[in-house]
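Trainee: I want to learn how labels are earned. Can we work through some, one by one?

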Amino acid sequence: MTALLNRPAARVGRARARGSGDGRTALAFLAPALIGFGIFYVYPAVRGAWFSLTDWNLLSDPEYVGLDNYRELVHDPLFWNSLKVTAAFVVINIGIQIGGGLLLATLLHRLTRSLVLRSLVVVPWLVPNVTTGLLWMWLLDANLGFVNHLLTGAGLDNQGFLTSPDLALPTVGVISAWSGTGYTALLLYAGMLLIPRTTYEAAAIDGSGELRTFLRITLPLMRPILAFVMVVSLIDSFQLFDVVAVTTQGRPVNATRVVYYYIYEEAFTHFKMGYASALALSLVVILGSLTFLQMRLLRASTSDLA
């Protein structure tokens with residue numbers, strides 16, 4: 001009888017031992033990633049927070065100045081202008097990426113599921129951003145660019161796509177969106193595949209058309225995927241640097257001086273590393289707040305498929 005009573009306790013002990021062993025195994029596999037995250041993300045972030053409280057020009061030792069860099073930031077018109085430029089770019093980039101991505105994903109889902117087409121759609125995203133910037137800079141050149149050659153051939157005037165204050169930022173937005181729309185479409189297409197086919201069949205029996213089905217079924221059921229795509233696109237848009245550095249260098253007249261490029265200039269052109277660190281930390285706070293707000297408004301943690 002005593003042996004029978006001790007069996008459940010023995011099973012519990014073995015289960016706990018297995019759970020403890022699984023935890024150690026999982027930790028061993030996670031250790032390289034955790035160590036890398038600590039070295040390349042946590043440590044630089046802590047150092048950056050410290051430098052944001054100092055006056056440092058890379059040539060001398062950092063001098064503690066408290067919150068002076070943040071006070072300067074609040075009264076810096078170039079910083080606020082760079083935020084305004086970045087916000088305009090985010091609207092252009094995300095608008096094109098989400099709109100174009102939904103269109104491509106819908107076409108892939110409803111018309112064809114060819115692996116070749118899916119591979120071709122994502123090719124622009126695989127091209128390095130520097131290469132993308134150089135490619136479009138040559139194509140849009142006011143004198144020798146192929147796009148302006150087509151415009152003059154059609155009897156239209158040359159356009160300074162990257163030199164006009166009115167056209168430069170929208171052009172950079174289109175270039176960046178061209179690069180990322182395929183990847184966005186692939187993510188949205190994967191989300192569409194999660195929707196049961198029987199849902200579409202039931203809608204067709206009820207007489208729902210393609211547009212009504214898309215608005216009333218596809219979009220609501222894809223809310224978590226859309227939220228994820230919008231958050232990733234927002235963070236990626238705020239980190240725009242490569243295309244601007246290659247094509248416009250923030251010109252003309254600060255029209256494309258996005259916040260990432262402004263931070264780079266303050267750090268490595270004016271050697272104001274402390275101030276640049278304060279700018280970067282402020283950007284982290286802004287991005288974190290916007291991401292949290294998006295996740296709450298879009299209810300990203302819930303799905304109508306459950």
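**Labels and their reasons**

Trainee: Why is serine 179 called buried?

Mentor: This is a predicted model. Serine 179 has a relative accessible area of 7%. Buried means under 20%. So serine 179 is buried.

Trainee: Where is serine 179, and which residues is serine 179 in contact with, leaving aside neighbours within four places in sequence?

Mentor: Serine 179 sits in helix 7. Leaving aside those neighbours, its contacts are Pro124, Trp125, Asn129 and Thr132.

Trainee: Why does threonine 256 count as buried?

Mentor: Its relative accessibility is 0%. The cut-off is under 20%. Threonine 256 therefore counts as buried.

Trainee: Where is threonine 256 found?

Mentor: Look in the loop between helix 11 (242-247) and helix 12. Beyond neighbours within four places in sequence, threonine 256 touches residues including Val85, Leu169 and Val244.

Trainee: What makes the link from the side chain of threonine 256 to the backbone oxygen of arginine 251 a polar contact?

Mentor: The side chain reaches that oxygen at 2.6 Å. A polar contact needs a pair of N or O atoms within 3.5 Å, one able to donate a hydrogen and the other to accept it. So the 2.6 Å distance falls within the limit.

Trainee: How do you know what span is expected of helix 10?

Mentor: Helix 10 covers residues 223-238, 16 in number. At 1.5 Å a residue, 22 Å is expected. Helix 10 reaches 22 Å from its first C-alpha to its last, close to that value.

Trainee: Which helices do the buried residues of helix 10 pack against?

Mentor: They pack against helix 3, helix 7, helix 9, helix 12 and helix 13. Among those buried residues are Leu226, Val229 and Phe238.

Methods:
Residues are numbered from 1 along each chain as its sequence is written. This is a predicted model: local features need pLDDT of at least 70, side-chain atom pairs count only at pLDDT 80 or more; totals for chains, interfaces and linings use all residues. Side-chain values use heavy atoms; hydrogens and water are left out. Helices (H or I, at least four residues) and strands (E, at least two) are DSSP runs, numbered from the N terminus. The expected span of a helix is 1.5 Å times one less than its number of residues. Buried means under 20% relative accessible area, exposed over 50%, partly exposed in between (1.4 Å probe, protein chains only). Contact means heavy atoms within 4.5 Å.
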